[in-house]
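Thank you for making the time this morning. I would like to walk through one structure with you, slowly, and take the questions as they come up.

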Amino acid sequence: MDPSFTAEQDEIRRTLRELLHKRSGPHELRAALDTPAGHDPALWAALAGHLGLPGLALSEAYGGVGCPVADLALACEETGRTLAPSPLLATSVLAAPLILALGTDAQRTALLPRIAAGTLTATLAVPAPALATALALTCVNDGDWAGGGRAGGVQARRVAGTWRLYGETAQVLDGHSAGLLLVAAHTGGYVRSRTLLFLVPQDSAGLVRVRQTVLDATRPQGHVQLRDVEAELLGSGDEQGLPEVLALLGDRAAAALACEAVGAADRALERTLEYVGQREQFGRVIGSFQAVQHRLADVYVQLQAARSAAYYAAWATGRDERVGGLALAQALEALRTAAGEAIQLHGGIGFTWEHEAHLYFKRAVGDELLFGPAHRLRAHAADRARLFTLKEVTV
């Protein structure tokens, strides 16, 4: 692995950081959270128009930039620093790769250029709380995550040559605002049940969506109901390859999320260092106390270890080495520690609900609820590596 960044990667990071510094400060962030969509459409348009961020990892044939997945992960590190709410994760990290991998030529041509241009947002809708299972992050994707073919989840049936969906799902990232839903649904009845993905546009008859109140408001989620909704099958319906596609997607998403968490942890530590260098107690700045220095040194060491793991996971996405889950576990723990120390070391002001340190702590906890927790991410990685499998010794 070459630890240095390319000139293009440095330029992406620098330009994105400058834009987010101007357009996504603490006040702009809270204003965006109060909008119906939960993000600033003008900022999303700027990210798409000025930087081509939605299509960063899409090929030029579909209007994208043609960068590797690692570049998208590094861009997520910058969005994580400001906790900028945007459709980037749901659209570019989760939905677009599925359309590219499973969609027909007609579906790719119709949808991917619009995603790359930022005019279409999309998301993956799976029954709550099964996103980590569907992406094979915390256990093997065996198909039961989509409802098991029984009550619950979303069911699909063929009626007069068209697919109809019925059911509901919650905790869908940007599910209340995305222009296109990729809905996981069961078809085939109880005995021959199988999971397929379906395309559901936002204006479909019978589609009801409501924004949910969630712990991490910077990660907007929606509750989706499908009442006999007409849908289009994604791809040819070959469900045999779906678990593997979702597992590969999960590893790449984990690498992007790990970089995002590292960016958030870095900013939380940065803000804490600024504060302890200014706040005085007993006639001295509190940053001069050895106990405070030791605590922040521990955060720094944990953050640097998480950064190395996240960068390696991003680099490994192009080399068929799946270590995203391990990197995500380390990054989420680093973010939780950095945000927790930020709250503690800011003293009384840190415990007020209005302080931004709480937003970073909620991001750490919210991501663990969606994609973790860390101990399950590590346990599944150990199972995949057969780390604790006893081997017979031949004498």
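What follows is a tour in a few stops, from the charged pairs to the nonpolar cores and then to some details of the backbone. Please keep in mind throughout that this is a predicted model.

Let me begin with the charged side chains. As a general point, side chains of opposite charge can pair when their charged atoms come close. In this model the count of salt bridges comes to 23, and I will pick out a few of them.

The pair I would look at to start with is Glu260 and Arg219, whose side chains meet in a salt bridge with a nitrogen to oxygen distance of 2.5 Å. Glu260 sits in helix H8, residues 242-276, while Arg219 belongs to the loop between strand S6 (207-211) and strand S7 (221-233), so this pair ties together parts of the chain that are 41 residues apart in sequence. Are these two residues buried or exposed? Glu260 counts as buried, because its relative accessibility is 8%, and Arg219 counts as buried as well, at 7%.

Arg219 also forms a salt bridge with Asp367, and there the closest N and O atoms are 2.9 Å apart. Since Asp367 lies in helix H12, residues 357-371, and Arg219 in the loop between S6 and S7, this pair ties together parts that are 148 residues apart in sequence. Asp367 is buried too, with a relative accessible area of 2%.

A further salt bridge joins Asp266 and Arg307, with 3.6 Å between the closest N and O atoms. Here Asp266 lies in H8 and Arg307 in helix H9, residues 290-316, so the parts being tied together are 41 residues apart in sequence. Arg307, at 14% relative accessibility, counts as buried. If you follow the charges outward from this pair, you will find a network of salt bridges that links Arg13, Glu77, Arg81, Asp266, Arg267, Glu270 and Arg307.

Let me turn now to the nonpolar side. In soluble globular proteins, nonpolar side chains tend to be buried together. The largest nonpolar core of this model has 100 residues, and those with the most contacts inside it are Leu182 and Phe371. Helix H8 supplies the largest share of this core, 18 residues. Leaving aside neighbours within four places in sequence, Leu182 is in contact with several residues, among them Leu98, Ile99, Phe198 and Leu234. A second, separate core has 19 residues, including Trp163, Val172, Leu196 and Ala231.

Phe371 brings us to Leu137, because Phe371 is one of the residues that Leu137 contacts beyond four places in sequence, and the others include Gly250, Ala254, Arg376 and His380. Leu137 is placed in the loop between helix H7 (131-134) and strand S2 (154-159). With a relative accessible area of 5%, Leu137 is buried.

The next stop is the hairpin. Strand S2 and strand S3, residues 162-173, run antiparallel and are joined by 6 bridges, and one pair to look for is Val159 with its bridge partner Thr162 in S3. The hairpin has 2 residues between the strands, and Ala160 takes a positive phi near 50° there.

I will finish with the backbone. Where is the cis peptide bond? A cis peptide bond joins Gly372 and Pro373, with omega at about 5°, and Pro373 is placed in the loop between H12 and helix H13 (374-384).

Phe282 has a positive phi of about 55°, although it is not a glycine, and it is placed in the loop between strand S8 (280-281) and strand S9 (284-285). Phe282 is exposed, with a relative accessible area of 76%. Asp320 likewise has a positive phi of about 55° without being a glycine, and it is found in the loop between H9 and helix H10 (324-345). At 65% relative accessibility, Asp320 counts as exposed.

Terms used: Residues are numbered from 1 along each chain as its sequence is written. This is a predicted model: local features need pLDDT of at least 70, side-chain atom pairs count only at pLDDT 80 or more; totals for chains, interfaces and linings use all residues. Side-chain values use heavy atoms; hydrogens and water are left out. Helices (H or I, at least four residues) and strands (E, at least two) are DSSP runs, numbered from the N terminus. Buried means under 20% relative accessible area, exposed over 50%, partly exposed in between (1.4 Å probe, protein chains only). Contact means heavy atoms within 4.5 Å. A salt bridge is a side-chain nitrogen of Lys or Arg within 4 Å of a carboxyl oxygen of Asp or Glu. Two strands pair if DSSP finds at least two bridges between them. A nonpolar core is a set of buried Ala, Val, Leu, Ile, Met, Phe, Trp, Tyr and Cys residues joined through side-chain atoms within 4.5 Å.
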